[in-house]
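Here are some notes to read alongside the structure if you're meeting it for the first time. Keep the 3D view open and turn to each spot as it comes up.

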Amino acid sequence: MKNILIINGHPNAKSFNFAIADAYKKGALDSKAAVETITIVDLKFSPNLQFGYQERTELEPDLLESWEKIQKADHLVWIHPVWWGGLPAITKGFIDRLFLPGMAFQYRENSVWWDKLLKGKTAHIITTLDQPGWYYRLFYGRPSVNQLKKATLEFCGIKPVKVSYIGIVKTGNGLQRAKWLEQVYNFGLRNK
């Protein structure tokens, strides 16, 4: 049985991202996968990596529990909106505080290379946009995807990382949103 972890990075519980997370979860459960969730906004933690990597900040209990879920998961599903080309601040803070040296990766002594400590996991980024996905890729270079996929997940050994764009959300009517939710349900059903 596949262990799937859904990480919802939208700070507003009334957002369409929450419906997306629910649709994926329903599909994954219908496939008989084991499913856990992290709703970042519900966690109690400081998103500020106050000392960078110079001094360790103790992880709050919610972050420790989140890390246990990440370690246990075979497949991580990241759901978030794109704001100003990037991730919401709370999602970036979650990554800053949790994907740390010695946990997610480890720099090698006297080397520019590092060890990827999360090998063997896969991921799927499902991101919502107020523009077409092709426009975000072509004209902006998809900075949030580059940051999360390449500079975080793949940096730590998580591969492959699939990316799906949902948008234009602000103009999506009820019928279009239902189609998007069906698409995401099918991602969950196929554990993609």
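1. A word on terms before we look around: contact here means heavy atoms within 4.5 Å, and helices and strands are DSSP runs, numbered from the N terminus. Also keep in mind that you're looking at a predicted model.

2. With that in hand, try helix H3. What covers its buried residues? The cover includes S1, S2, H2, S3 and H5. The buried residues themselves are Thr91, Gly93, Phe94, Ile95, Arg97 and Leu98.

3. Arg97 deserves a second look, as it turns up in a salt bridge with glutamate 60, where the closest N and O atoms are 2.9 Å apart. Arginine 97 sits in helix H3 (residues 89-98) and glutamate 60 in the loop between S2 and H2, so this pair ties together parts that are 37 residues apart in sequence. Are these two charged residues buried or exposed? Both arginine 97 and glutamate 60 are buried.

4. H3 has another salt bridge, this one between aspartate 96 and lysine 92, with 2.6 Å between the closest N and O atoms. The two are four residues apart in the helix, which puts about one helical turn between them. Aspartate 96 is partly exposed at a relative accessible area of 23%, and lysine 92 is partly exposed too, at 30%.

5. The salt bridge count comes to six. One of them joins glutamate 36 to lysine 72, with the closest N and O atoms 3.0 Å apart. Since glutamate 36 lies in strand S2 and lysine 72 in helix H2 (residues 61-72), the bridge ties together parts 36 residues apart in sequence. Glutamate 36 is partly exposed, with a relative accessible area of 27%; lysine 72 also counts as partly exposed, at 49%.

6. Now swing over to helix H1. It runs over residues 16-30, so 15 residues in all, and reaches 21 Å from its first C-alpha to its last, close to the 21 Å expected at 1.5 Å a residue. Its buried residues are Phe16, Asn17, Phe18, Ile20, Ala21, Ala23, Tyr24, Gly27 and Ala28. Their cover includes strands S1 (3-8), S2 (34-39), S3 (75-81), S6 (122-128) and S7 (161-166), along with helix H6 (174-189). Just past the end of H1, lysine 32 takes a positive phi of about 75°.

7. For a view from the strand side, pick valine 77, which has its place in S3. Valine 77 counts as buried because its relative accessibility is 0%, and the cut-off for buried is under 20%. Which residues does valine 77 touch, leaving out those up to four places away in sequence? They are Ile4, Leu5, Ile6, Ile7, Tyr24, His124 and Ile126. Tyr24 is one of the buried residues of H1. As for threonine 39, 38 residues away along the chain, its C-alpha is 12 Å from that of valine 77.

8. Aromatic rings are worth a tour of their own, with 14 aromatic pairs in the structure. Phenylalanine 16 and tryptophan 180 make a tilted pair, 6.0 Å centre to centre and 55° between the planes. That pair links distant parts of the chain, with phenylalanine 16 in helix H1 and tryptophan 180 in helix H6, 164 residues apart. Both phenylalanine 16 and tryptophan 180 are buried.

9. Compare tryptophan 114 and phenylalanine 155: their ring centres are 4.4 Å apart and their planes at 10°, so this pair is stacked. It also links distant parts of the chain, 41 residues apart, from strand S5 (residues 114-116) for tryptophan 114 to the loop between helix H5 (143-154) and S7 for phenylalanine 155. Tryptophan 114 is partly exposed, at 23% relative accessibility. Both rings belong to one aromatic cluster, made up of Tyr53, Phe105, Tyr107, Trp113, Trp114 and Phe155.

10. Last stop, the surface. Trp134, Tyr135, Leu138, Phe139 and Tyr140 form a nonpolar patch there, and together they have about 600 Å² of accessible area. Tyrosine 135 is found in helix H4 (residues 133-140), and is partly exposed with a relative accessible area of 30%.

Note on methods: Residues are numbered from 1 along each chain as its sequence is written. This is a predicted model: local features need pLDDT of at least 70, side-chain atom pairs count only at pLDDT 80 or more; totals for chains, interfaces and linings use all residues. Side-chain values use heavy atoms; hydrogens and water are left out. The expected span of a helix is 1.5 Å times one less than its number of residues. Buried means under 20% relative accessible area, exposed over 50%, partly exposed in between (1.4 Å probe, protein chains only). Patches are made of residues with over 30% relative accessible area and no salt bridge: like charges are joined within 9 Å, nonpolar side chains (Val, Leu, Ile, Met, Phe, Trp, Tyr) within 5 Å. Accessible areas come from the Shrake-Rupley method with a 1.4 Å probe; for residues, only the protein chains shown count as cover. A salt bridge is a side-chain nitrogen of Lys or Arg within 4 Å of a carboxyl oxygen of Asp or Glu. Rings of Phe, Tyr and Trp (its six-membered ring) pair if their centres lie within 6.5 Å; planes under 30 degrees apart count as stacked, over 60 as edge-to-face and the rest as tilted.
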